[in-house]
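Look at the model below with its helices displayed. The text starts with one pair of packed helices and then moves to other parts of the chain.

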Amino acid sequence: MSEIHQDTLELLEWPRLAEHLAGFASTTAGRRHCAGLGLPDHPAESRRLLLETTELLALDGLCEGGVSLQGAADIAATVALCAKGGCAGGEELLAVAATLATARRLRRQIEDPELRPVTTALVAELRTLPELEQRLHFCLEEGGRVADRASGPLEAVRRQLLALRGERRDRLQELVRRYGSLLQDTVVSERGGRPVLAVKAGAAAQVGGLVHDSSASGSTVYVEPQAVIPLGNRIRDAEGQERELERQVRSELSARVGEQAEPLDHLQQVLVRIDAGLARARYGQWLGAVRPELADSADAPFELIDLRHPLLLWQERREGGRPVVPVTIRVGPELRVVAITGPNTGGKTVTLKSLGLAALMARAGLFLPCAGTPRLPWCGQVLADIGDEQSLQQNLSTFSGHIRRIARILGALPQGPASLVLLDEVGAGTDPTEGSALAAALLRHLADRARLTVATTHFGELKALKYADPRFENASVAFDVETLSPTYRLQWGIPGRSNALAIASRLGLDPAVLAVAAAQLEPGGEGDVNRVIEGLEQERQRQQEAAEAAAALLARTELLHEELLQRWSQQKEQSAELQEQRRQRLELSIREGQGEVRRLIRRLRSVGQEVRVGGRVAGETARQAGQRLRHLEQQHRPLPERRDHGGWRPRVGDRIRLLALGKAAEVLAISDDGSELSVRCGVLRLSVELAGIEGLHGEKPAPPEPPPQVRIRSRRSPGSRGPEVRTEGNTVDVRGLRVHEAEAAVEERLRGANGPVWVIHGIGTGKLKRGLREWLSGLAWVERVSDAEQGDGGPGCSVIWVK
């Protein structure tokens, strides 16, 4: 990395942001990687990092408690030692086993090629070496101690040690009981790894043994009895054998680890990348950031709405700082230079740093603290001259420091494609006339060589560059002269004023001095320009107030409209309920009447009498009454609800609403049969059924067209749902029945019919056939009635076609 690139990172406080990011990492290696966060050299790598961040953010939200890297350790040093033939310690080898287990668990959580293609590809070639993990856990116990089962000789030596120590303990207890009167204390102590008895100074010769120490007063000597010295020597020898056998086991395990150095190094790198991706996701979530879109073209526009400086957000939330005021940056593809003017402490430098950090964060795969979806080109170079580079040791003035840094910026420009240049107080530190001329020439030069240059200045001459070159634009930071406080709001299209005289007046400077200063402002010069700017600012303020009032009125109108729709819906539901209640009461009355008619018919049949009423048979009168009741039932039967879809179907790129979440989403893909959609809602990518969405204006999607089916060629009547084939199931024989009895039998069969119905009534006198035909002609759901074909009965059989 060149000197100017390193200077830019320092000026934008990139290392500080990387430290904040490292705080969200879970492992030591991940924190080290984030603290030295690098910048990709190609746009494809930056897009891949952004996809990794997106996928891991979604996975972190799906897993209970989040994705955990517990157990993962930094095994790089251990693997390197083992690869060189060294012998690692027990705890280091156990850390390798725990890391392998963590990697296997993470791979199971991550693998899903449809939901997480990028991270799935990351772990696809991961080797978790289960045999090595099992061997390490078999040979090592918790804390790194070599287990007895790891080696047969080791197990035998440890059993021998256990027996020797038990024998020595028994002998010591026996000696304590024997020489109790000669001892200062009955507790067996230890000196130099050997057991000793606290013997009175005058009785040491009576006990016999090897003196290892004495008390400070000299009244007590610590003697290892002669009876246990041989046992102690044998124990020391066995302990040496134990250590050697343990070293052999660890050497064998270290050799196994060294043989797998390459896959273990790859595993370590993958775990670090996953940890770094999770850190980016959690840091972005903590900031309330959103994923940026990196454009392919270097001439793509910058669109950063309500961008907040991430370091100031950290101060606000972690250190109790002041609320961060967002800035909106919109730079079209035709613009090359933006000159920001305005008073000091107004937020010009913060705007520069916010834009520079946003370009670096997007390049590094980080989300941006913006509203909406930030869009910007991939900036291969971000070069900055911010602050004062004055140095007494290097004999540099403020102006000289700026010029040296700008010279390095110009030297670095040909090395990269899309470049973002940030200049603070360009041309300052020297004669205003010469500085202004130099700044104007520099900005014109950068307009030809850099994608975007943003410069802050107090020179009035730079404000006029916009009107001579369409590649230039003015912006300013607002300042409240009444309160002498900056608003930190960035205003586009209007140059700012320094407000020096107004600020000096509010701060109590002598009015006479201010009057002389105002008189010395050249007529038609910057003073007149400032007055024009003041008028523009007032007009802009009025327009903004009018726009805010219109927005408030629109919001109230939308609320009123929603309330009216809700009331109309409630009234419609109440009206439908009342109609349904009335229809049910009417249907109940009709059914009661039908029941009464049936009872009357049964009574007449049981009596077997025919009573003439008005010249007509009572049975016929009952039949007609029942027929009228059925007509009423058909008239008041509710029609099946048919939802008019209007033919609306979502297309790729449309904005729709998810019914389950109540949120808007964008259609990314549609399945071949149209029944399933892949959508993006915020940072999540989901698959939903067609029935689970609606349009933003409440449109219901039309069902997908059914696939073409093979048609069976058969004769069908218009409106029928079955072939013209007479079977036992669609045929009813009413011969020998009276007209009203035949009507009941035919009606029962018609209610369950899914096609034409054949009624065998015979020829006879024709009375039964005529009665049935007359009755069927009054049914609304019967389409037509005709004689059957000669083979199916001819005139003695009628075919009824149902609608």
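Helices H5 and H11 are roughly perpendicular to each other, because angles of 65 to 115 degrees count as such, while those under 35 count as roughly parallel, those over 145 as roughly antiparallel and the rest as oblique. Their packing angle is about 100°, and their axes lie 8 Å apart. Axes here are lines fitted to C-alpha atoms, for helices over the stretch in contact, and angles run from 0 to 180 degrees between N-to-C directions. H5 covers residues 76-83, and H11 covers residues 229-259. Helices (H or I, at least four residues) and strands (E, at least two) are DSSP runs, numbered from the N terminus.

This is a predicted model, in which local features need pLDDT of at least 70, side-chain atom pairs count only at pLDDT 80 or more, and totals for chains, interfaces and linings use all residues. Residues are numbered from 1 along each chain as its sequence is written, and side-chain values use heavy atoms, with hydrogens and water left out.

Which residues of H5 and H11 meet? From H5 come Val-79, Cys-82 and Ala-83; from H11 come Ser-254, Val-257 and Gly-258. Contact means heavy atoms within 4.5 Å. By class, this H5 contact with H11 holds four nonpolar residues, two polar ones and no charged ones. Ala, Val, Leu, Ile, Met, Phe, Trp, Tyr, Cys and Pro count as nonpolar; Asp, Glu, Lys and Arg count as charged; the others, Gly among them, count as polar.

Stay on H11 and find Glu-242, which is found in this helix. Is Glu-242 buried or exposed? Glu-242 is buried, with a relative accessible area of 14%. Buried means under 20% relative accessible area, exposed means over 50%, and partly exposed lies in between (1.4 Å probe, protein chains only). Leaving aside neighbours within four places in sequence, Glu-242 is in contact with Leu-154, Val-157, Arg-158 and Leu-161. Arg-158 is 84 residues from Glu-242 along the chain, yet their C-alpha atoms are separated by 7.0 Å.

Now turn to a second helix pair. Two packed helices are described by the angle between their axes and the distance between the axes. H6 (residues 90-110) and H12 (residues 261-287) pack at about 55°, with axes 11 Å apart. H6 and H12 are therefore oblique to each other. Their crossing is left-handed, meaning that the near helix is turned anticlockwise from the far one by less than a right angle; clockwise would be right-handed. On the H6 side, the contact is made by Val-96, Thr-99, Leu-100, Ala-103, Leu-106 and Ile-110. H12 supplies Leu-264, Leu-267, Leu-271 and Ile-274. Nine residues in this contact of H6 with H12 are nonpolar, one is polar and none is charged. An α-helix has 3.6 residues a turn, so residues three or four places apart point the same way.

H12 itself has 27 residues. From its first C-alpha to its last, H12 reaches 39 Å, close to the expected 39 Å at 1.5 Å a residue. The expected span is 1.5 Å times one less than the number of residues. Of the 27 residues of H12, 20 are buried, so this helix is largely enclosed by the rest of the structure. Just after H12, Gly-288 takes a positive phi of about 70°.

His-20, in helix H2, reaches back to H12's stretch of the chain: among its contacts beyond four places in sequence is Tyr-283. Leu-311 and Trp-314 are also touched by His-20. His-20 is buried, at 9% relative accessible area.

Two loops hold positive phi values outside glycine. Glu-13 has phi near 60°. Its loop runs between H1 (3-11) and H2 (14-22), and Glu-13 is partly exposed at 25% relative accessibility. Glu-425 has phi near 55°. This residue sits in the loop between strand S11 (419-423) and helix H16 (432-449), and is partly exposed at 22%.

Farther along, Leu-737 lies in the loop between strand S22 (731-733) and helix H21 (739-751). Leu-737 is partly exposed, with a relative accessible area of 33%. Beyond four places in sequence, its contacts are Ala-742 and Leu-768. The C-alpha atoms of Leu-737 and Leu-768 are 8.2 Å apart, with their positions 31 residues apart along the chain.

Finally, take the whole protein. It has 22 helices and 25 strands. Buried residues make up 42% of its 803 residues. Among contacts between residues at least 6 apart in sequence, 67% join residues at least 24 apart.
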